[in-house]
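Please open the structure in your viewer and keep the selection tool at hand. The tour below proceeds one selection at a time.

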Amino acid sequence: MSTTSTELKTVGKSGQISLGKSFAGKTLRMHRQGDGSILLTPVAVIPESQLWTLQEPHRSAIERGMAWAAENPPAETDLDELLARREQHAEAKRVRGSSE
């Protein structure tokens, strides 16, 4: 449930008002109404270089990856076991390549 409140703010000589610490660092869209009132709306700005993350098929792939990560907590890698698997894979590839 959202609550509404009304406050009086005075615009300083520099043309600025303070909205309080809860808005510190936030980006706001300012809409000037025809009657002179101003509506401030918190917004998130996405750089153009990252817009692809919101488009398909990338968006679905990211969502699947995030869901997988939530279900599969990180675990420490056994480097010796990882190297052994790599060597086994390389050996199997050499054997397959020599029989063709």
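Begin by selecting Leu-39 together with Arg-29, Met-30, His-31 and Gln-33: once neighbours within four places in sequence are set aside, these four are the residues in contact with Leu-39. Please bear in mind throughout that the model on the screen is predicted. Leu-39 belongs to strand E2. Is Leu-39 buried or exposed? The residue falls between the two and counts as partly exposed, because its relative accessibility is 42%, where buried would require under 20% and exposed over 50%. Now display the C-alpha atoms of Leu-39 and Arg-29: they are 7.9 Å apart, although 10 residues separate the pair along the chain.

**The two strands**

Extend the selection to the whole of E1 (27–32) and E2 (38–43). In which direction do E1 and E2 run relative to each other? They run antiparallel, and 6 bridges join them. To view one bridge pair, select Leu-28 and its partner in E2, Pro-42. Then move to the hairpin of E1 and E2, where 5 residues lie between the strands. Select Gly-36 there; this residue adopts a positive phi near 95°.

**The largest pocket**

Keep both strands visible and turn to the largest pocket, which holds about 500 Å³ of space. Its lining comprises 13 residues, and those closest to the centre are Lys-9, Ile-17, Leu-19, Ile-38 and Leu-40. Select these five in order to find the middle of the pocket. Which strand gives the most to the lining? Strand E2 does, with 4 residues, while E1 and E2 each supply at least two. If the lining is coloured by class, 10 residues appear as nonpolar, 1 as polar and 2 as charged.

**Salt bridges along the helices**

The next selections concern pairs of charged side chains. Side chains of opposite charge can pair when their charged atoms come close. The structure holds 4 salt bridges, and the tour visits some of them.

Select helix H1 (residues 58–71), then Glu-63 and Arg-59 within that helix. Their side chains meet in a salt bridge, with 3.4 Å from N to O. How many residues apart are Glu-63 and Arg-59? They are 4 residues apart in H1, so about one helical turn separates them. Both partners are partly exposed: Glu-63 has a relative accessibility of 46%, and Arg-59 has 39%.

Proceed to helix H2 (residues 79–99) and select Arg-85 and Glu-81, which lie 4 residues apart, about one turn of the helix. A salt bridge joins their side chains, again given as an N to O distance, here 3.4 Å. Arg-85 is partly exposed at 48% relative accessible area, and Glu-81 is also partly exposed, at 36%.

Remain in H2 for the final stop and select Arg-94 and Glu-91. Their side chains form a salt bridge of 2.8 Å, N to O. Because the two residues are 3 apart in the helix, about one helical turn lies between them. Which of the classes does each partner fall into, exposed or partly exposed? Arg-94 counts as exposed because its relative accessibility is 52%, which is over the 50% cut-off. Glu-91, at 39%, counts as partly exposed.

Methods
Residues numbered from 1 in each chain as written. Predicted model: local features only at pLDDT ≥ 70, side-chain atom pairs only at ≥ 80, totals over all residues. Heavy atoms only, no water. Buried < 20%, exposed > 50% of the residue type's maximum accessible area, 1.4 Å probe, protein only. 1 Å grid on protein atoms, 1.4 Å probe; cavity = no way out; pocket = protein on both sides within 12 Å on 5 of 7 lines; lining within 4 Å. Points joined across faces, edges and corners; volume = space filled by probe spheres on them. Nonpolar A, V, L, I, M, F, W, Y, C, P; charged D, E, K, R; others polar. Contact = heavy atoms within 4.5 Å. Pairing = 2+ DSSP bridges.
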